[in-house]
Amino acid sequence: MRKLKYFLFLLLFALIISGCAKQNIEQTTGENKPTTPLSSENGVYIISSENDLLRISENPDANYKLGADIKINAFMPIGRREVDKNKNFSFGGTLDGNGHKITIANLCESKNLLPDENEKKYSYAALFANIKESGNVKNLFVEAFFDINSSNSLIGGIAGSNLGEISNCQIKLSGKINGDSNFIGGITGSGDNINRSSAFIDFEINGNFCYAGGLTGAGAKIINSYSSGNIKLSGTQDNLAGGISASSMASIGSCYSKVDITLSGSNSYAGGIAGFVEGYGTIENCVVLGDITFQNNASANRIVGDFLKWENKGPGTYNPNTPEIPFKNNYSILINEILKPDLKYDTYGLDFMYNPPQKSDFEKIGFKFGNNNESPWIFDNTNFVPLLYFEN
């Protein structure tokens, strides 16, 4: 029986690997490329299959809309540069999920991308490798799994790297990665501009110099969004983990995290909202509902693991005694009115709410409840958490 189980495991693993290899061949060489044009409505192309989805790279600045749910066995990100290294296939159009779901059994890693300005070759595992400033992804549900052994990777449910806008999206992303200098987030590996979106995550990460966040590995400008799940980040040094973002240089507001974080390694930091904040980053009107466990010389705080403020547009240590404190009106669950003695709690803009929290607790710090984009929250009275109005 044990031999049979082991054989079945090897067979499943081989099928997953071969699926990624086959996907790489087809997307790189154009093998099995369809020749019929995409259907369209009022200038918007309709995406109803995996082949339709892959064809976005033919015209990455056009507008698209899903016409059906799509299930995919193995998928490499749209916008990889292997096809023609003289072209930039970053997505700059609009993808309207139209309430449909893309399910990816195995999110495959791209290879051999052009080096960035720092001469590092980054790989991507996401729906899109890159979304540029004009790109817009909305009303989309993505569920995906990854199992990767690599360094210098950007992994996210929607984008490896995002400079555009992502809104009204739901992500379920789980997986394992072994390697150094990886950026992993429920929605983006790195990037800004996430609004009214959620991510349910389960990450197991082994490496150093890694960034793992509930919504993004590095980035901010996040509002009216939340994350839930688990991050387990194991290494010996220099790791960051955050319930919303591992590292932030901009604003995070009206968000909450119910992510449980386990972190290890020297010079490593975890925070219920952000692992590290620098520059002019701010965190306001946020709530932490998850727990943090840290070991092997790692450090953690309930809201922010650590921060560094730039003084006069140059590097300098932020002084928490100055009036300009960038963390305001943030809350954390107070369990049985006793602080855990093994966890260092923030003193910067932190207050506590009782467990379980009520709708009124979120209302008093600025969460707007309704049934539209302006008042996007509804309250789940069974699990005592806010949800976004479009979530089922």
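Two residues are in contact when their heavy atoms lie within 4.5 Å. Keep that in mind as you look around this predicted model. Welcome to a protein with 3 helices and 38 strands, in which 53% of the 392 residues count as buried.

**Overall picture**
- Among contacts between residues at least 6 apart in sequence, 73% link residues at least 24 apart.
- The protein has an accessible surface of about 17,900 Å², and carbon and sulfur atoms account for 48% of that area.

**An open sheet**
- Strands of a sheet pair through backbone hydrogen bonds, and they can be parallel or antiparallel.
- One open sheet here has 11 strands with mixed pairing, in the order E1-E2-E3-E5-E9-E13-E17-E21-E25-E29-E34.
- At its edges are strand E1 (40–41) and strand E34 (327–328), each of which pairs on one side only.
- Within this sheet, strand E21 (residues 222–223) runs parallel to strand E25 (residues 251–253), and 2 bridges join them.
- To find one of these bridges, look for Ile-223, whose partner in E25 is Gly-253.

**Nonpolar cores**
- The largest nonpolar core holds 71 residues, and Val-137 and Ile-283 touch the most other members.
- Leaving aside residues up to four places away in sequence, Ile-283 touches Ile-252, Ile-273, Ala-274, Val-277, Ile-303, Val-304, Pro-326, Phe-327, Lys-328 and Asn-330.
- A second, separate core has 16 residues, among them Leu-289, Tyr-331, Ile-333 and Phe-367.

Notes
Residues numbered from 1 in each chain as written. Predicted model: local features only at pLDDT ≥ 70, side-chain atom pairs only at ≥ 80, totals over all residues. Heavy atoms only, no water. Pairing = 2+ DSSP bridges. Helix = DSSP H or I, 4+ residues; strand = E, 2+ residues; numbered from the N terminus. Buried < 20%, exposed > 50% of the residue type's maximum accessible area, 1.4 Å probe, protein only. Areas by Shrake-Rupley, 256 points an atom, 1.4 Å probe, with all protein chains shown as cover. Core = buried A, V, L, I, M, F, W, Y, C linked by side-chain atoms within 4.5 Å.
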